[in-house]
Amino acid sequence: MFSSSILLQILACAIYGNWWPMLSALMYVVVPMPCMFFGGGSTQFLTSRDGGGWIDAAKFLTGASTVGSLAIPIILRHAQMIETGAMLIEFTSFFIFICTVMCFHRASLDDDW
């Protein structure tokens, strides 16, 4: 699923001959970083209510980078740097990426795996 998301990112750029939408692919690298640095590589801290300053910072950074993933194509479209079709392909790519993360989170919660 992740590879199809990256493929859609590349197609959004290649079809319209404009590589500005690749800026949102940068966020794919930034989104898991708080989990790796502050959560110990686990996504379980995102759904827990307890935590401290570092856990809250990781939740904030994860949310901010997720919003940034949606905001970059919108801002680029508003500035007329990309076409509407490229923006819609970016949103589809982001939806597939989020589904991949949710599947990974669900699989990591199960002890049977």
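Here is a quick walk through this predicted model, from the overall fold down to one serine.

**The overall picture**

What we have is an all-helix layout: the protein has five helices and zero strands, which gives the pattern α-α-α-α-α when read along the sequence. Of its 113 residues, 30% are buried. The exposed area comes to about 7,100 Å², and 70% of that is supplied by carbon and sulfur atoms. If you look at contacts in the protein with a separation of 6 or more, 59% of them are between residues 24 or more positions apart.

**Helix α1 and its cover**

Helix α1 takes in residues 2-16. Its 15 residues, at 1.5 Å each, should span 21 Å, and the end C-alpha atoms sit 22 Å apart, so the two values agree. Just past the end of α1, Gly17 adopts a positive phi of about 65 degrees.

Which residues of α1 are buried? They are Ser5, Gln9, Ala12 and Cys13. The cover over the buried residues of α1 includes α2 and α5, the latter being residues 84-109.

Ser5 is worth zooming in on. This residue of helix α1 has a relative accessible area of 0%, and because the cut-off for buried is under 20%, Ser5 counts as buried. Setting aside neighbours within four places in sequence, Ser5 is in contact with Tyr28, Ser93, Ile96 and Phe97.

**Where α2 meets α4**

Next up is a helix pair. The axes of α2 (residues 23-30) and α4 (residues 53-78) come within 9 Å of each other and cross at roughly 170 degrees. Are these helices parallel or antiparallel? Angles over 145 degrees count as roughly antiparallel, so α2 is roughly antiparallel to α4.

On the α2 side, the residues taking part are Leu23, Ser24, Met27 and Val30. Their partners in α4 are Ser65, Gly68, Ser69, Ile72 and Pro73. Sorted by class, this contact has five nonpolar and four polar residues, with no charged ones.

**Helices side by side**

Here are the helices whose residue ranges came up above.

| Helix | Residues |
|---|---|
| α1 | residues 2-16 |
| α2 | residues 23-30 |
| α4 | residues 53-78 |
| α5 | residues 84-109 |

To tie the two parts together, α2 turns up twice: α2 is part of the cover over the buried residues of α1, and its axis comes within 9 Å of that of α4.

Note on methods:
Residues numbered from 1 in each chain as written. Predicted model: local features only at pLDDT ≥ 70, side-chain atom pairs only at ≥ 80, totals over all residues. Heavy atoms only, no water. Axes fitted to C-alpha atoms, helices over the stretch in contact; angles between N-to-C directions. Helix = DSSP H or I, 4+ residues; strand = E, 2+ residues; numbered from the N terminus. Parallel < 35°, antiparallel > 145°, perpendicular 65-115°, else oblique. Contact = heavy atoms within 4.5 Å. Nonpolar A, V, L, I, M, F, W, Y, C, P; charged D, E, K, R; others polar. Buried < 20%, exposed > 50% of the residue type's maximum accessible area, 1.4 Å probe, protein only. Areas by Shrake-Rupley, 256 points an atom, 1.4 Å probe, with all protein chains shown as cover. Expected span 1.5 Å × (residues − 1).
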